[in-house]
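Me: Please take a close look at one part of this model for me. I would like the side-chain contacts around the strands, with the strand pairing as background.

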Amino acid sequence: ILAVDDRSVARVLWYREDFSRSSLQNLSFLLGKPEAKPRGRQLPGEPASIGMWVKPSRPYDSLSLWLNLADAEGNILSVRLGVMSFDQWRYLEEGIPSAHYGAPPAYPLTLFSVTTTEPEFGVGVGPGVIYLDDLQVREGAKTTVIEDFEDIPEWGVLANSPLARDR
C-alpha cells in the first residue's frame, strides 16, 4: 500500500510530459476523489444479516459461497455464506460484518457480487452448477427479498479461473 497526499504529491514526484496529456498536478487531484462505488443491488435499511437459498448440482466440499458488499464509504465487506457440501435446497444466512477496524458499516450497503472460492492448493471441484434463489436481508423481525433471480439478463458470469470457459 502506498499512501500519498494528493495536494502535495505533484511537488515531490518526478514526471515526464509524455506520460500523460494532463499535468501531474491535475492527475494528482484525481487521487483525492472517492472511488466509484460498485454497481449492484442497494440493500434497504441497516440489515443485521443477509442470506439466500442455494442448491448445488452436487456436493462441493471445498467450494465456499460469498456475497460481496460495499458500504456507503466504499469499504468492501465479504460475507461467507458457507461451504457447498450439500446437493439439496438450503437457506444460508450470515451476519453483516464490521466495516473497518471493527467499526459498523456506513449504510446503505450495496451487494455487487456473488462469488465462489476454493483453496489455492488441492484438487479443483471441476465444472458444475449452483442454483440461487431469494437473496434476502433481515433487519430485526423484518425480512426483505432483494433479488429473486428470475430476471437472468441482469446478472453476468465472470470466470474466476483461467481454465474456466463460458458455456
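What follows is one connected walk through those contacts.

Reply: A caution first: this is a predicted model. Start with the frame. The protein has 2 helices and 8 strands. From the N terminus on, the order is α-α-β-β-β-β-β-β-β-β, with both helices ahead of the strands. Of the 167 residues, 27% count as buried.

Now the sheet. An open sheet is built from 4 strands in the order β1-β6-β3-β4, with antiparallel pairing. Its edge strands are β1 (41–42) and β4, each of which pairs on one side only. Inside this sheet, strand β3 (residues 64–70) and strand β6 (residues 110–117) pair over 7 bridges, in the antiparallel sense. One position to pick out is N68, which stands opposite S113 in β6.

Next, the hairpin. Strand β7 (residues 130–139) pairs with strand β8 (residues 142–147) in the antiparallel sense, over 5 bridges. The two form a hairpin with 2 residues between them. In the turn, G140 has a positive phi of about 65 degrees. R138 stands opposite T143 in β8.

R138 also leads into the charged contacts. The structure holds 2 salt bridges. In one of them, R138 meets E93, with the closest N and O atoms 2.8 Å apart. This pair links distant parts of the chain: R138 sits in strand β7 and E93 in strand β5, 45 residues apart. R138 is partly exposed, because its relative accessible area is 30%. E93 is also classed as partly exposed, since its relative accessibility is 25%.

The other salt bridge joins the side chains of R41 and E147, at 2.4 Å from N to O. R41 belongs to strand β1 and E147 to strand β8, so the contact ties together parts that are 106 residues apart in sequence. This brings an edge strand of the open sheet into contact with a strand of the hairpin. The two partners fall into separate burial classes. R41 counts as partly exposed, at 24% relative accessibility. E147 is buried, because its relative accessibility is 5% and the cut-off for buried is under 20%.

Strand β5 carries an aromatic contact as well. A search of the whole structure finds 1 aromatic pair. Its members are W53 and Y91, 5.5 Å centre to centre, with 55 degrees between the planes. The pair is called tilted, because the angle falls between the cut-offs of 30 degrees for stacked and 60 for edge-to-face. This contact, too, links distant parts of the chain: W53 is in strand β2 (residues 49–56) and Y91 in strand β5 (residues 90–95), 38 residues apart. W53 is partly exposed at 34% relative accessibility. Y91 is partly exposed too, with a relative accessible area of 24%.

W53 has a second role in this picture. Together with W89, V129 and Y131, W53 forms a nonpolar patch on the surface. The accessible area of the four together is about 400 Å². W89 comes from the loop between β4 (76–83) and β5. With a relative accessible area of 42%, W89 is partly exposed.

One last contact involves a charge and a ring. R90 lies over the face of F86, at 4.1 Å from the ring centre.

To pull it together, follow strand β5. Its residue Y91 pairs with W53 of strand β2, and its residue E93 links to R138 of strand β7. Strand β7 then forms the hairpin with β8, and E147 of β8 reaches R41 in β1.

Notes. Residues numbered from 1 in each chain as written. Predicted model: local features only at pLDDT ≥ 70, side-chain atom pairs only at ≥ 80, totals over all residues. Heavy atoms only, no water. Phe/Tyr/Trp six-rings, centres within 6.5 Å; stacked < 30°, edge-to-face > 60°. Buried < 20%, exposed > 50% of the residue type's maximum accessible area, 1.4 Å probe, protein only. Lys NZ or Arg CZ within 6 Å of the ring centre and 35° of its normal. Patch = residues over 30% accessible without salt bridge, like charges linked within 9 Å, V, L, I, M, F, W, Y side chains within 5 Å. Areas by Shrake-Rupley, 256 points an atom, 1.4 Å probe, with all protein chains shown as cover. Pairing = 2+ DSSP bridges.
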